[in-house]
Amino acid sequence: MTLQSDHSHPTASQALARLTIEEKIALLSGASSWQTVGYPDRGINPMTLSDGPHGIGWGASGDQTGTPQAPTAVCFPTASALSCSWDTALARTQGAALATEARRTGVEVVLGPGMNIKRTPLGGRNFEYFSEDPYLSGRLAAAVIAGTESGGVGTSVKHFAVNNQEYDRFTISAEVDERALREIYLRGFEIAVTEGRPATVMAAYNAVNGIPCTENHRLMTEILRDEWGFDGVVVSDWGAVSDQVAALKAGIDLEMPSSNGVGAAAIRDALRSGELSEADIDRAAARIIELSSRFAARDRPDPVASSEAELVELARTVAQQSIVLLRNERDTLPLARTSTVALIGEFAQKPRFQGGGSSGVNVASYATARDEIGRFLSPEQVRYARGYDSEQVNQSLLDEAVTAASEADVALLFVGLTEMTESEGYDRETLSLPASHLALIDAVCAVSPRTVVILHKGSVIDMATWHEKVDAILDLNLGGQQVAAATLDIVFGEVNPSGRTSETVPLRLEDTPAYVDYPGAQRSVHYRESIWVGYRYYDRRKMPVAYPFGHGLSYTEFEYSDPRATVHGNENVTVEVAVRNVGERDGFEVVQVYVHDDISTVPRPERELRGFSKVWVPAGETITIRVELDRRDFAFWDEHRNHWAIESGTFTIEIGHSSRDIRASVSVELAGDTHSVEIVDRRTPMGHFLGDPEFAAMVTRFMAASPLLGGGAEIPPEAQRIVTEVINGMPLEKLRIVSAGAFSNDDIDEVLARLAR
Ligand code: BGC
């Protein structure tokens with residue numbers, strides 16, 4: 001945006017010139033918990049920053065309905081649910097709605113989206129994050145950001161970076177190798193920052209490879225700004241800064257909330273000692289002034305005007321698109337309106353639709369299944385039983401539930417994780433549902449002709465003990481205040497389900513990739529699984545899972561045909577496939593595009609999501625979808641040369657309904673940037689060069705004469721293999737010794753130069 005230079009809108013440098021050094025220093029720390037410092041008389045308005053990712057929270061926290069002091073706001077589906085929509089247009093619309101809500105409640109910057117990778121399913125804050133996959137996370141976060149910022153409100157993508165657990169979140173150091181950092185943990189942020197262009201980025205509490213994020217120059221300046229071109233404000237997570245001088249030097253502009261003068265005093269000392277210069281202060285202050293002039297100007301354009309009713313309706317649409325039908329045996333769903341139904345479980349009258357901690361929204365109202373079922377059935381067709389009142393089994397509630405279930409055609413079981421189980425601030429201990437919910441599923445399944453489990457939870461759970469007993473499973477995640485309405489729309493077939501999992505559902509906790517290296521000890525957690533996160537790990541190990549990444553059923557069926565891939569230039573590829581709805585109902589299909597490098601020097605995943613498209617296909621019709629891939633979709637991080645690389649060769653592009661339901665595939669040949677990323681120097685094993693006939697002939701000649709190998713004596717057949725392997729494994733430089741000096745250092749250089757050509 002271009003800044004105007006009249007008196008009310010001074011440019012950042014004009015505004016800076018009107019401030020004393022003290023005033024500039026004060027700008028770099030919050031004025032209070034949620035406000036920044038401002039000097040309205042000099043055209044710099046203070047800003048209000050508020051959580052959060054799925055509704056304006058104003059610090060509302062804790063329980064389901066938030067604290068009464070916070071203004072009420074609409075609670076949209078959390079990232080764990082929104083991500084299951086696989087719908088970037090919808091994510092953008094939800095983002096725009098957040099802007100409307102922010103403008104109504106006087107908020108200039110929304111603290112979200114959160115987009116850390118779900119490394120372990122135990123992460124207490126997984127409900128606030130999108131996925132185990134960086135591409136899906138990045139594309140959805142970029143869409144939310146673009147939507148919110150189009151409404152004249154800033155965003156703060158968080159928590160940068162590698163903040164994947166709540167355990168010891170303030171002090172833990174994530175020890176992660178460079179390839180995993182680039183390909184998994186930073187990639188989503190990179191997409192969000194370069195495509196979504198957020199106004200601010202929030203620096204995380206934790207350290208990465210020993211350096212606290214708020215003091216991490218490499219992350220906050222070299223990667224974020226210099227490589228990705230971020231030009232906004234870096235704000236600290238609340239209370240994350242311990243040393244504001246170090247933070248400023250690393251690239252943190254704004255410390256939040258106020259450190260009550262502690263940071264300012266340290267900055268003054270550092271200015272006096274020469275550790276900081278006034279230019280360091282000016283740089284951060286100018287960015288904060290720019291932010292304020294973009295978002296706190298009194299005359300910024302109006303956001304899209306939406307009434308509260310429209311926003312509530314949007315919350316329901318997003319929930320409809322996000323609910324995942326995991327299982328549907330014997331076509332149990334959708335239900336006929338002639339059925340009698342037992343609604344069982346307290347969540348039927350008090351659904352769990354958001355998680356605990358800073359993202360809490362104080363809602364004015366929320367839908368319940370008990371109310372919503374009236375749209376489909378008469379009161380005589382419905383029984384209700386509470387089923388549980390805590391995590392512990394309550395036998396009389398259980399007995400009531402059994403009676404209700406035995407009197408109905410179908411039991412709709414509303415179960416999941418309780419509020420205390422998943423929250424900011426701590427991780428989960430198991431993947432299990434609470435004892436009372438498990439007992440309820442068992443008891444109801446024993447008497448009910450049909451059982452539908454309706455899951456309310458923000459992260460994956462273990463279904464092993466009850467999965468085979470139930471007929472259908474609907475996964476709501478934490479779907480916002482209208483999730484109950486959306487659920488019944490799907491249960492009764494008003495809406496055809498189209499959500500897809502954004503995280504693999506493992507069979508058991510012990511199967512998960514980070515199981516042996518979580519939660520860490522002595523202040524560090526080692527990400528030894530490296531890039532093998534989520535489906536990359538399960539697919540590599542060919543492990544069975546409960547539900548794979550990208551899975552979700554529909555009330556119709558789709559067939560794929562005519563996959564095509566066209567290469568343009570070197571590494572741009574257009575992928576096309578025809579998708580036919582062969583069932584009887586219209587519906588959305590989520591077409592997923594995965595890439596695999598057939599032959600590569602470094603281990604690469606069996607498949608990696610590189611594109612997707614959610615498309616509406618009327619019954620009987622065929623739609624051709626197109627997905628564009630670019631060079632980064634084929635590249636990996638070359639740790640030796642520290643850059644993205646593509647090795648020339650064949651890549652398989654798989655197109656499917658889920659990561660384990662590939663329905664079409666096609667290959668492309670890419671020229672790439674290099675034939676191989678192998679390290680080529682004097683220490684390279686000779687075997688790597690033997691494909692070069694001239695070199696091979698020379699090696700054979702020297703070897704034959706080498707005293708090491710008997711000076712030309714015949715090698716017995718049974719020793720030939722070992723001799724060859726020994727030679728193959730020897731570094732090139734050993735040729736000098738093997739050849740008794742006949743092959744000099746200069747000859748080695750010459751060979752290397754020739755092979756490099
Ligand atoms: C959380 C952030 C949040 C901030 C302000 C912190 O504890 O980690 O996600 O935006 O508080 O509420």
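The following paragraphs describe a predicted model of a protein chain with a bound ligand, moving from the overall architecture to the ligand site and then to selected local features.

The protein chain is divided into four segments of assignment, namely domain 1 (12-62 + 73-295), domain 2 (309-518 + 531-540), domain 3 (558-670) and domain 4 (686-756). Between the C-alpha centres of domain 1 and domain 4 the distance amounts to 57 Å. In terms of secondary structure, the protein chain contains 21 helices and 24 strands. Its radius of gyration is 29 Å, close to the 27 Å that the globule rule gives for 757 residues, so the protein chain is as compact as a globular protein of that length. Along the principal axes, the C-alpha atoms occupy a box of roughly 95 × 70 × 50 Å. Of the 757 residues in the protein chain, 61% are classed as buried.

The ligand is surrounded by 13 residues, of which the closest are Asp-51, Arg-125, His-159, Tyr-205 and Asp-237. By residue class, this shell comprises five nonpolar, two polar and six charged members. Several acidic side chains approach oxygen atoms of the ligand: an N or O atom in the side chain of Asp-51 lies 2.4 Å from a ligand oxygen, a polar side-chain atom of Asp-237 is found 2.7 Å from an oxygen atom of the ligand, and for Glu-424 the corresponding separation between a polar side-chain atom and a ligand oxygen is 2.9 Å. The accessible area of the ligand on its own is 310 Å², and 93% of this area is covered by the protein.

One of the residues closest to the ligand, His-159, belongs to strand β3, which spans residues 154-160. The peptide bond that leads from Lys-158 to His-159 is cis, with omega near -5°. A cis peptide bond also joins Phe-160 and Ala-161, where omega is about 10°, and Ala-161 itself is placed in the loop between β3 and β4 (173-175). Most residues other than glycine have a negative phi, and most peptide bonds are trans. Strand β3 also holds Thr-155, which is buried at a relative accessible area of 1%. Thr-155 and Leu-49 are separated by 106 residues in sequence, and their C-alpha atoms are 9.1 Å apart in space.

Positive phi values in residues other than glycine are found at Asp-168, where phi is near 55°, and at Asn-477, where phi is about 55°. Asp-168 is located in the loop between β3 and β4, whereas Asn-477 is part of strand β14 (residues 472-477). The two sites can also be described by their accessibility: Asp-168 is partly exposed, with a relative accessible area of 36%, while Asn-477 counts as buried at 5% relative accessibility, because burial is assigned under 20%.

Helix α6, formed by residues 178-185, is mostly covered, and eight of its eight residues are buried. The buried residues of α6 include the charged residues Glu-178, Arg-179, Arg-182 and Glu-183, together with Ala-180, Leu-181, Ile-184 and Tyr-185. At the start of α6, a side-chain oxygen of Asp-177 comes to within 3.1 Å of the backbone nitrogen of Arg-179. A further charged residue, Glu-101, is found in helix α4 (residues 88-104). The relative accessible area of Glu-101 is 2%, and this residue is therefore buried. The side chain of Glu-101 makes a polar contact with the side chain of Arg-104, at a distance of 3.1 Å.

Outside the regions described above, Val-573 lies in strand β17, which covers residues 572-581. Val-573 has a relative accessible area of 0% and is thus assigned to the buried class. From Val-573 to Thr-368 the separation is 205 residues in sequence, and in space it is 46 Å from C-alpha to C-alpha.

Methods: Residues are numbered from 1 along each chain as its sequence is written. This is a predicted model: local features need pLDDT of at least 70, side-chain atom pairs count only at pLDDT 80 or more; totals for chains, interfaces and linings use all residues. Side-chain values use heavy atoms; hydrogens and water are left out. A residue is near a molecule or strand if one of its heavy atoms lies within 4 Å of it. A polar contact is a pair of N or O atoms within 3.5 Å; within protein, one must be able to donate a hydrogen and the other to accept it, and residues adjacent in sequence count only if both atoms are side-chain atoms. Accessible areas come from the Shrake-Rupley method with a 1.4 Å probe; for residues, only the protein chains shown count as cover. Domain bounds come from an automatic or database domain assignment. Helices (H or I, at least four residues) and strands (E, at least two) are DSSP runs, numbered from the N terminus. The radius of gyration is taken over C-alpha atoms; the globule rule is 2.2 Å times the number of residues to the power 0.38. Buried means under 20% relative accessible area, exposed over 50%, partly exposed in between (1.4 Å probe, protein chains only).
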